[in-house]
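Me: Could you walk me through this protein model, one question at a time?

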Amino acid sequence: MRRTGEGREIAEPAPLAGAAVQVSTWEQQTSLTTDAAGHSSYWLDKRNNPVTLITTDDTWQPQTRKVKITAGKTTTANFALQPARTCH
């Protein structure tokens, strides 16, 4: 998971540690937290397709992705979060 800022992409996006990642399938829901490198992982059988991923952090807008698991392969979803908008 990488973050971007102020409507422009940061030249070297930084990993976002501690972000919440919700993994949802027809069968189950699991909550994960990203590590210092901005990664999280979880094993699911391909019968759980499709998988919905939602990621967020207190200061970043949430994003959602649907992914499909392929047997014997790693499924990766990258996110570039935008800053949360504040009311003035």
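Here are some questions and answers on the fold, the core and a few side chains.

Me: Before we start, what kind of model is this, and from where are residues numbered?

Reply: This is a predicted model, where local features need pLDDT of at least 70, side-chain atom pairs count only at pLDDT 80 or more, and totals for chains, interfaces and linings use all residues. Side-chain values use heavy atoms, with hydrogens and water left out, and residues are numbered along each chain as its sequence is written, from 1.

Me: Okay, how many helices and strands are there in the protein?

Reply: Helices (H or I, at least four residues) and strands (E, at least two) are DSSP runs, numbered from the N terminus. Going from the N terminus, the order is β-β-β-β-β-β. The count is zero helices and six strands.

Me: Which elements give two or more residues to the largest nonpolar core?

Reply: A nonpolar core is a set of buried Ala, Val, Leu, Ile, Met, Phe, Trp, Tyr and Cys residues joined through side-chain atoms within 4.5 Å. This one has 13 residues, and Leu16, Val23, Leu44, Val51, Leu53 and Leu81 touch the most other members. The elements giving two or more are strand 2 (20–24), strand 4 (51–57) and strand 5 (60–67).

Me: What does valine 51 touch, leaving out residues up to four places away in sequence?

Reply: Contact means heavy atoms within 4.5 Å. Valine 51 is one of the core residues that touch the most other members. Its contacts beyond four places are Val23, Ser24, Thr25, Leu44, Arg65, Lys66, Val67 and Ile69.

Me: Is threonine 30 buried or exposed?

Reply: Threonine 30 lies in strand 3 (residues 29–33), and beyond four places in sequence it touches Val21, Gln22, Val23 and Tyr42. Its side chain also makes a polar contact with the side chain of tyrosine 42 at 3.3 Å; such a contact is a pair of N or O atoms within 3.5 Å, where within protein one must be able to donate a hydrogen and the other to accept it, and residues adjacent in sequence count only if both atoms are side-chain atoms. The cut-offs are under 20% relative accessible area for buried, over 50% for exposed and partly exposed in between (1.4 Å probe, protein chains only). Because its relative accessibility is 15%, threonine 30 counts as buried.

Me: What backbone oxygen does the side chain of glutamine 63 reach?

Reply: Glutamine 63 is in strand 5 and is buried, with 18% relative accessible area. Among its contacts beyond four places in sequence are Leu53, Phe79 and Ala80. At 2.7 Å, its side chain reaches the backbone oxygen of alanine 80.

Me: And proline 62, is that buried or exposed?

Reply: Proline 62 is in strand 5, and apart from neighbours within four places in sequence, proline 62 is in contact with Thr55 and Thr56. With a relative accessible area of 54%, proline 62 is exposed.

Me: Which residue does aspartate 45 form a salt bridge with?

Reply: Side chains of opposite charge can pair when their charged atoms come close. A salt bridge is a side-chain nitrogen of Lys or Arg within 4 Å of a carboxyl oxygen of Asp or Glu, and a search of the whole structure finds one. Aspartate 45 is partly exposed at 22% relative accessible area. Its partner, with the closest N and O atoms 2.9 Å apart, is arginine 47.
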